[in-house]
Amino acid sequence: MNIVGHLIGGKAVADAERVQNIYNPATGEATKQVALASSDTVQAAVAAAQAAFPAWRDTPPIKRARIMFRFKQLLEEHAEKICALITDEHGKVLNDAMGELQRGIENVEYACCAPELLKGEHSKNVGPAIDSWSEFQPLGVAAGITPFNFPCMVPLWMWPMAVVCGNTFVLKPSERDPSSTLYIAQLAMEAGLPPGVLNVVNGDKVAVDTLLADPRVQAVSFVGSTPIAEYIYATGCANGKRVQALGGAKNHAIVMPDADLDNAVSALMGAAYGSCGERCMAIPVVVAVGDAMGDDVVARLTAELAKMKVGPGTDNSNDMGPLVTREHFNKVKGYVDLGVEEGATLVVDGRGIKVPGHESGYFLGGCLFDNVTPQMKIYRDEIFGPVLSVVRVKSLQEAMDLIDAHEYGNGTCIFTRDGEAARYFTDNIKVGMVGVNVPLPVPVAYHSFGGWKRSLFGDLSAYGPDAVRFYTRRKTITQRWPSAGVREGTVFSFPSNR
Ligand code: NAD
């Protein structure tokens, strides 16, 4: 079986002593294996990144940006191959993979602005003949650890910005679907990224823990589930590293009594069931304000679910593909069983779905629960599957109190025609990314992405302007060239600058 290995110092490295199967989720077949790097291999990748750093740090930002321009072009030229790799291992529908790639490319486009982003700040005459300026210098070796659900986009949130800022990088992709991530790194080499500037090590906890312990790694960007994010943040910080760790989510959509229901229902269908609900910005909870709206939303969603097409992601006429692994399928199905036990009303049951010719695939149909309460585990936990829960409340304030009380604060949205309600909501809700009649308010590449509460550990969000701050450290220089007019004698008191 083909083994997906590592990319270190610009070269393919095998280290396949330990391996794990990669499955095609639409068929349930093991199609490849991924090498799980040893500690030594990870250290070799860090050493390659460390060795590449001095020359890369001194490479003019415009030259670093030019490589990103070429890289963007290669991503577009090879889009079909990238998306086929994503669909083979993740399962999402090809059109959706194309959307993921496009969002990734937008981050590369932003990284092309490196010379503009790194200009720094300058003040002339902060004192007599004294000038002061701040530079944003690279940190050295940075590491990225990424989840399975966006194998192309999330790595592209990280390393293009890190490297245009002058850092070198070691990336540890998800072991469940690593092929598109590795292929994209090879395209970056083809675009002219010097050997060692970007290294990819595939692996599991052994690789992650080696990166967290290595003193040469200055910064760690993580995206994944909250328990692991918290572990990465605590361990990385304890080891003196700068860490941003983005975690899980449970995003609520409020539907107000005055909402445009046609727009709301079609938006909710895509947001709840697109990519099988395996998105950190998915909407797994609808909060219906007023019983009449609750009845309408449930009836309309039920009708839409009857039309939703589930099947292999290679067929673009399908709306939803399979879940990523057998293990994840069992977990999500277990939550549907639990919801029934907990007393929620299972209005649409997707558990029995059959996809002809794909009987061993990890397919689960769309599931819809009504009368879900905040005490239920299916409400509190992140399920990360095609399971939508409807909670009924009496007022906007009650809906907002629910959202604020939840441990996660990644995304949320409101469907309404009332500008005052929308403004009150966006102003006061304790969530990092907020939509008004927009179900998935994922910030564009020139803003930054980050949740609040237990959806993000750290101070800076991912990509966009925050990435420049995360991957650089400020150095402020104050300079005077003594000259006859401004030469001072000894001064013992702090200068007042009056
Ligand atoms: P995960 O936490 O299982 O894995 C993420 C990464 O951590 C992988 O590279 C994995 O190899 C590594 N890892 C797993 N267990 C580890 C351990 N014990 N020690 C060290 N490293 C470990 O997440 P996943 O299942 O791949 O992805 C889904 C999760 O990611 C969901 O919770 C989703 O909400 C979250 N996510 C969040 C965002 C965001 O921006 N906030 C974006 C995408 C996904």
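Student: Before we look at the big picture, what makes two strands a pair here?

Tutor: Two strands pair if DSSP finds at least two bridges between them. Keep in mind that this is a predicted model.

Student: How do you know that β19 and β20 are partners?

Tutor: Strand β19 (residues 411-415) is joined to β20 by 4 bridges, and the cut-off is at least two, so they pair. The two strands run parallel, with Gly 411 opposite Met 433 in β20.

Student: Which sheet do they belong to?

Tutor: An open one of 7 strands, in the order β15-β16-β17-β14-β13-β19-β20, and its pairing is mixed.

Student: Why are β15 and β20 called edge strands?

Tutor: β15 (345-348) and β20 (433-436) each have a single partner strand, so one side of each has no neighbour in the sheet. On average, neighbouring strands here are turned by 20° against each other, direction ignored.

Student: What packs on this sheet?

Tutor: Helix α12 (residues 326-342) does, touching β15, β16 (367-370) and β17 (387-393). Its direction makes about 35° with that of β17.

Student: How do you know that β7 and β23 pair?

Tutor: Set 9 bridges between β7 (residues 130-138) and β23 against the cut-off of at least two, and they qualify. The sense is antiparallel, and Pro 138 sits opposite Thr 472 in β23. They're in an open sheet of 3 strands, β6-β7-β23.

Student: And what makes a residue count as near the ligand?

Tutor: Its C-beta atom, placed from the backbone, must lie within 6 Å. There are 27 residues around the ligand, and among those that come nearest are Pro 147, Gly 224 and Cys 280.

Key:
Residues numbered from 1 in each chain as written. Predicted model: local features only at pLDDT ≥ 70, side-chain atom pairs only at ≥ 80, totals over all residues. Axes fitted to C-alpha atoms, helices over the stretch in contact; angles between N-to-C directions. Contact = placed C-beta atoms within 7 Å.
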